[in-house]
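Student: I would like to go through this structure and ask how each label is earned. Please show it first.

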Amino acid sequence: MSRRRALGLGMAALAAAGWALAPPSTLRIADSAREPTPWHALDAHGQARFDLGHAVFNTSWLPAGSGGGRRDGLGPQFVATSCDACHNSRRRGRGPAGDGPLPPDMVVQVGQRATDGSVVRGHPQFGQVANTAAIEGFSPEARIEVHHRQRTYTRADGSRVLLHMPVYRLHGSEGFAPEDLVLMPRVPPAVLGSGLLERIPVAAIAEAAAHAPAVRGRIAWRETSTGRSVGRFGWQATEPSIASQTSAAFAREMGLSNPLHAAIDCAAFDHACLSAPTGGDPEVAADLFAALVAFQQDEAMRRTPAAAARLARNPGQARVFARIGCADCHRPAMPTLDGGTIAPYTDLLLHDLGRGLADRDLAGRPVPSLWRTAPLWGLSVSVESGRALRLLHDGRARSIEEAIAWHGGVATGARMRFDALAAGERQALLDWIAAL
Ligand code: HEC
Ligand code: HEC
């Protein structure tokens with residue numbers, strides 16, 4: 001489909017949804033190479049909804065009362081003003097470039113360390129997320145800086161990998177930060193193809209757990225208002241659906257109430273936040289919310305022809321990946337509800353990867369942390385973006401090799417088998433992973 005035609009359809013859909021108030025400059029349709037593509041055929045109605053959802057994804061929200069029409073109500077405190085500001089063209093976020101203030105696309109979720117050492121999500125002083133930006137007349141909840149301590153990882157054959165261990169400093173707006181505050185820094189993951197992860201049957205996730213008992217994968221059961229469901233989204237699989245993840249993002253990261261979250265994420269006693277003017281009830285209207293969810297459910301995972309050719313040229317590497325145990329967690333084939341198969345390179349299960357990767361409280365004590373096997377499909381999109389690579393939940397790994405070196409806990413065996421490969425074999429596997 002040509003760029004002009006896509007844009008035209010998008011505009012028609014926008015007008016139909018009463019979005020015409022938005023000046024055209026906010027309709028930031030991505031550059032043509034990144035035109036979103038659905039993974040299944042859409043009829044005219046589906047295509048119009050897809051285009052509207054894409055526009056909502058790219059929309060910068062404005063403060064209440066600023067004449068933003070259907071796209072106001074931002075904040076008063078927030079982290080970023082659009083989905084695309086963090087998931088630029090649905091790719092992974094930038095993550096920390098180096099030492100200093102956290103980049104604007106990083107989200108620091110917060111928790112409280114209980115006396116038994118476990119973590120309860122949320123904190124009375126911040127809510128669920130430490131908001132680092134605010135609209136005029138309000139103050140951000142916190143300013144956060146990251147510093148990295150370098151450490152050398154040495155393999156038995158003498159080869160070395162330089163690792164960067166992040167240490168965070170938080171300056172709360174009230175001048176103090178409690179020691180029991182647990183920081184959960186998170187880089188925005190790529191969301192290309194995320195909708196397909198929603199279509200993996202629960203039975204297949206349970207089967208993956210039974211298939212590789214040594215890596216002790218656990219289903220991320222979550223209690224929701226409609227009963228128990230399987231957590232699939234986020235670095236710790238906290239959210240069971242695209243809709244719940246989208247709703248949480250609006251409420252927490254952008255301060256926008258929406259059909260699934262009537263309240264935004266204010267700190268418990270922050271009266272200024274709790275009584276701030278609103279941009280409607282809810283601020284994100286149901287039709288826009290539904291289109292945004294449908295867009296994400298329908299968008300395909302993409303890989304450039306060059307990356308696809310590199311994968312196809314090296315089928316032997318898939319066997320190495322499986323032989324050394326990477327595929328026990330990063331599962332190359334998962335079924336979908338409609339009888340298809342996808343290759344997300346995840347089991348959607350939670351694993352303990354050891355203390356090195358655990359979240360910490362402000363006193364520096366690690367807390368028990370289980371991570372969802374990160375889907376590796378789409379890594380080629382990150383590698384080819386031309387941006388510095390930032391891998392793992394907090395973006396600490398600057399290469400695939402570094403990310404592997406951080407694998408501890410139940411992934412220790414796989415890491416050691418990777419280390420035991422000859423240097424040339426390791427490089428061939430790294431090149432193959434970079435094309436996924
Ligand atoms: C300030 C940055 C930021 C903004 C704004 C933001 N996100 Fe995210 N997004 C994140 C982070 C960080 C995560 C990982 C969350 C976690 O680990 O719990 C995430 C996770 C996700 C995921 C889960 C992907 C996966 O496979 O795990 C989806 C889907 C998503 N966001 C969609 C959205 C949508 C839609 C919007 C706009 C309504 C949005 N995000 C706004 C930072 C952001
Ligand atoms: C026990 C399960 C398990 C095994 C085995 C495993 N991984 Fe992982 N992998 C994970 C989890 C969980 C994460 C996310 C950890 C985090 O972000 O803190 C991850 C993250 C990654 C990442 C970073 C992805 C991203 O988006 O940032 C890469 C690359 C990776 N693994 C490659 C490998 C390779 C190569 C192997 C084999 C040598 C391997 N993994 C073995 C569970 C596993």
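Tutor: A polar contact is a pair of N or O atoms within 3.5 Å; within protein, one must be able to donate a hydrogen and the other to accept it, and residues adjacent in sequence count only if both atoms are side-chain atoms. A polar backbone atom of Leu392 is 2.7 Å from an oxygen atom of ligand 2, so that pair is within the limit and is a polar contact.

Student: What kind of model is this, and how are residues and ligands numbered?

Tutor: The model is predicted: local features need pLDDT of at least 70, side-chain atom pairs count only at pLDDT 80 or more, and totals for chains, interfaces and linings use all residues. Residues are numbered from 1 along each chain as its sequence is written, chains are lettered from A and ligands numbered from 1 in the order in which they are written, and side-chain values use heavy atoms, with hydrogens and water left out.

Student: Which histidine side chains make polar contacts with ligand 2?

Tutor: A polar side-chain atom of His330 lies 2.8 Å from a nitrogen atom of ligand 2. For His407, a side-chain N or O atom is 2.9 Å from a nitrogen atom of ligand 2.

Student: What makes a residue part of the surroundings of ligand 2?

Tutor: A residue is near a molecule or strand if one of its heavy atoms lies within 4 Å of it. Ligand 2 is surrounded by 27 residues, and the closest are Cys326, Cys329, His330, His393 and His407. By class the shell has 19 nonpolar, six polar and two charged residues. Here Ala, Val, Leu, Ile, Met, Phe, Trp, Tyr, Cys and Pro count as nonpolar, Asp, Glu, Lys and Arg as charged, and the others, Gly among them, as polar.

Student: How many residues surround ligand 1, and how do they divide by class?

Tutor: There are 28 around ligand 1, the closest being Cys83, Cys86, His87, Gly234 and Trp235. They divide into 15 nonpolar, nine polar and four charged.

Student: What makes His87 a donor to the iron atom of ligand 1?

Tutor: Donors are N, O and S atoms within 2.8 Å of the metal (3.2 Å for Na, K and Ca); water is not among the atoms, so sites may look incomplete. NE2 of His87 is 2.0 Å away from the iron, and is the single donor from the protein.

Student: Why is Arg90 called buried?

Tutor: Buried means under 20% relative accessible area, exposed over 50%, partly exposed in between (1.4 Å probe, protein chains only). Arg90 has a relative accessible area of 1%, so Arg90 is buried. Arg90 also has a positive phi of about 65° although it is not a glycine.

Student: And why does Tyr345 get the label buried?

Tutor: Tyr345 has a relative accessible area of 10%, and therefore counts as buried. Its phi is positive too, about 55°, although Tyr345 is not a glycine.

Student: How do you know that E10 and E16 pair?

Tutor: Two strands pair if DSSP finds at least two bridges between them. Strands (E, at least two residues) and helices (H or I, at least four) are DSSP runs, numbered from the N terminus. Two bridges join strand E10 (residues 181–186) to E16, so the pair qualifies. In E16, Asp361 is the bridge partner of Val182.
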